[in-house]
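Here is a friendly walk through a pair of protein chains, in questions and answers. Have a look at the model first, and then we can reason through it together.

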Amino acid sequence: MVWILVTVVFFTVRGIGDPIKSAFAGHLSDAEIAKREHAAGLDKPLLEQYWHYITSVAHGNFGKALTENTPISHILIVNGAATLELSFWAVIVALAVGIPLGRVAARYRDRLPDVGLRLFAVLAYAVPVFFLGLLLKLLFAIKLGWLPANGRAGGQIEPLLNSVSPNTHIYAINAILYGDPSYFWDVIKHAVLPAITLGLLVAGVFLRLVRVNLLQTLRSDYVEAARARGVHEGRVVRKHAFRNALIPVVTVMGLQIAALLGGAVLTETTFEWQGLGYKLAYFLNRRDFVAVQGIVTAAAVIVALISFVIDVIAALIDPRVRY
Amino acid sequence: MSINLPELESTEVAVAVAPSGRRHSRIPGMDAMRATSGFQRGMLVAGIVIVLFFAVVAIFAPLLAPYGFNDASANGKFFIRLSPPSGQHWFGVASGGEDVLSQVIYGARTALEVIILAVVLSIVIGVPLGLVSGYLGGWLDRVLVLITDSLFAFPSLLLAIIVSISINHGQNTQGGGILSAAISITVVYVPQYFRVVRNATVAAREEPYVEAARAIGAPPRVLMTRYLFGNVVQSVPVIATLNAGDAILTLAGLGFLGYGIEPSAGAEWGYELSKAVSDAGNGQWWTSLYPGLAIVLIVVGVTLVGESLNDVLNPLLRTAKVTDVELPALEAGSYRER
């Protein structure tokens, strides 16, 4: 499956044009452009390039960005860490919002809280991430000035955080390693708005999932039995149904990772968060298809890996699923 | 034999008619409306009203909009850039000097055009593909399923962006026309139609009525078009509405990143929002608020329609789609938890 993705990416991405020509046409002589294309291996037949790419990716080598002299693997680590950090906070937000609210909605089915929450879920789905991001920025960063609008850390703090050794590229961890609580606080403050923006994208899905699964579980025989024993309804939900209702949620969480990564591109652009999505938009604008295909392939591999891990977790939680 | 005959007849009728036998009313959507109640009906009606509102706005955009979407002046007088909402400009003026209200109104037209085109294209490609793949099976089916499976693992926006750039041959223009935007979106949604239709076909392939037709000697083409098509196509309207909302968001995302519609070719909400990012930094809220609200409203409308249709028309889909709301059959049934 990963191989198919790599192949599809390779051949589609070729269509975005020649980065060397588009970057240097007019600035350099034709001979010089040809020389650079030769150096990058672009003058070889497409199938040969493809074979070369496949074999090097299999060895974990994604090549070098054409427009700047950085190895793709370096970009994947540095900016990937930023995306990882953002996604982590976003998943926390999504879980913190989605699961309790889904529980409330199921508990008060078809009554006012449920109706309200279902409308909220539809709304959370309908708001484009960048619009929500802009609104949050307008309100909390510009009007009220409570939170920073852009970036991952304050201007002076960022280089200090990057000087930490070992550099994890995850600023929250770097800040802890640096040992200054105010830096950690600064990093968290920068993460709040992007995390909410990206988190709400998935929170609505979680809410509906928890609600539906909880409702289904509440219909099952063992819950009925608990009710018949005279267990209070609130306790039925809390102790009997809730855990089992979460199993399908775990599975769908894996599927949501792809949506999260797509949303990360928009969120990172809105908040100038230097993650993979931000970098991807940057390289797309420069038609650097080597960098684009590296990042996109990595994203696809990550999604595939995560859904595999999620399958394993689901099997661990639910003894009925066995492989 | 004589005892067996009515029984056989009844099962055949049940299988063959039940899936297509839902349509009772001549007015499309009337049954759906009738099958709803309470909150559900409210959702459906609200959704339809919103969608109709946007359709009207889109169709009559030239009449409704006070200015053109690209006009920065009227009667030889230039609009004051980034001036806040006023009597002359209800939604304010954008950074390029365009009237935001006019942009928002024309944006409805662009959105509608792209969405209709994209949905039609996806159905035209996805449904036959799914039908053939599901019916014939074999290596073709396996390859197609594998490809669509991998595409599912792919962030859809990225896919749309890459296709969009490929179509425009990597030129440094800001995006392209309506058609290229629609095609970029189509690529994302074809796999969904394909999958649903294919699975329905695989399930229906072994049904007795198909078996019977095959036994009579109907060729595969007739089997697919006459017997299978009608039964597998039922879930398509629901996916189409659910996808339409998603497609609007994808279009806006494309526009926001600068790969959507060329600004001179049409007003596009996502692109307007991308230009509004810098305005927001200066506290100019009107250039981002109104196009954004338009997106939210139309997506809410389409989603509400899709959700309610999904509940009403498609009890089969619900087991496969986990994100859905509850079963109406159980709601109406004897058991109710409180």
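A crossing is left-handed if the near helix is turned anticlockwise from the far one by less than a right angle, and right-handed if clockwise. Please keep in mind that this is a predicted model.

Q: Which hand does the crossing of α7(A) and α12(B) have?
A: Helix α7 of chain A covers residues 129-143, and its axis lies 10 Å from that of α12(B). The two helices pack at an angle of about 15°, and are therefore roughly parallel to each other, as angles under 35 degrees count as such. With the rule above, the crossing of α7(A) and α12(B) comes out as left-handed.

Q: How many residues of the contact of α7(A) with α12(B) are nonpolar, polar and charged?
A: From α7(A) come Phe130(A), Phe131(A), Leu134(A), Lys137(A), Leu138(A) and Ile142(A). They meet Gly270(B), Leu273(B), Val277(B), Ala280(B) and Gly281(B) in α12(B). Gly counts as polar and Lys as charged, and the contact of α7(A) with α12(B) divides into eight nonpolar, two polar and one charged.

Q: Are α11(B) and α12(B) roughly parallel or oblique to each other?
A: Within chain B, α11 spans residues 236-257 and α12 spans residues 269-281. Their axes come within 6 Å and cross at roughly 40°, and α11(B) passes α12(B) in a right-handed crossing. Angles under 35 degrees count as roughly parallel; α11(B) and α12(B) are therefore oblique.

Q: How many charged residues does the contact of α11(B) with α12(B) have?
A: On the α11(B) side we find Ala252(B), Gly255(B) and Phe256(B). They meet Gly270(B), Tyr271(B), Leu273(B), Ser274(B) and Val277(B) in α12(B). By class, this contact has five nonpolar and three polar residues, and the number of charged ones is no more than what the tally says: no charged residues.

Q: Is Thr250(B) buried or exposed?
A: Thr250(B) lies in helix α11 of chain B. Setting aside residues up to four places away in sequence, Thr250(B) touches Leu157(B), Ala160(B), Ile185(B) and Tyr189(B). Its relative accessibility is 5%, and the cut-off for this class is under 20%, so Thr250(B) counts as buried.

Q: What separates the C-alpha atoms of Thr148(B) and Val190(B)?
A: Thr148(B) sits in helix α6 of chain B, residues 138-152, and counts as buried at 7% relative accessibility. Beyond its neighbours within four places in sequence, Thr148(B) is in contact with Pro191(B), Phe194(B) and Arg195(B). Val190(B) is 42 residues apart from Thr148(B) along the chain, and their C-alpha atoms are separated by 8.7 Å.

Q: Which hand does the crossing of α6(A) and α10(A) have?
A: In chain A, α6 runs over residues 112-126 and α10 over residues 181-218. The two axes come within 8 Å and cross at roughly 140°; only angles over 145 count as roughly antiparallel, and α6(A) and α10(A) are therefore oblique to each other. The way α6(A) passes α10(A) is left-handed.

Q: How many charged residues are in the contact of α6(A) with α10(A)?
A: Asp114(A), Leu117(A), Arg118(A), Phe120(A), Ala121(A) and Ala124(A) in α6(A) take part. Their partners in α10(A) are Leu200(A), Gly204(A), Leu207(A), Arg208(A) and Arg211(A). Alongside six nonpolar residues and one polar residue, the charged ones number four.

Q: What is the phi of Glu272(A)?
A: Most residues other than glycine have a negative phi. Glu272(A) is found in the loop between α12 (233-271) and α13 (276-285) of chain A, and is partly exposed, with a relative accessible area of 38%. Although Glu272(A) is not a glycine, its phi is positive, at about 50°.

Q: How many strands does chain B have?
A: Chain B has 338 residues, of which 51% are buried. Its accessible surface comes to about 15,600 Å², with 66% belonging to carbon and sulfur atoms. Next to 15 helices, the strands in chain B number two.

Q: How many helices does chain A have?
A: Chain A has 323 residues, and 51% of them count as buried. Its exposed surface is about 14,800 Å². Chain A has zero strands, and its helices number 14.

Technical notes. Residues numbered from 1 in each chain as written. Chains lettered and ligands numbered in written order. Predicted model: local features only at pLDDT ≥ 70, side-chain atom pairs only at ≥ 80, totals over all residues. Heavy atoms only, no water. Helix = DSSP H or I, 4+ residues; strand = E, 2+ residues; numbered from the N terminus. Buried < 20%, exposed > 50% of the residue type's maximum accessible area, 1.4 Å probe, protein only. Areas by Shrake-Rupley, 256 points an atom, 1.4 Å probe, with all protein chains shown as cover. Axes fitted to C-alpha atoms, helices over the stretch in contact; angles between N-to-C directions. Parallel < 35°, antiparallel > 145°, perpendicular 65-115°, else oblique. Contact = heavy atoms within 4.5 Å.
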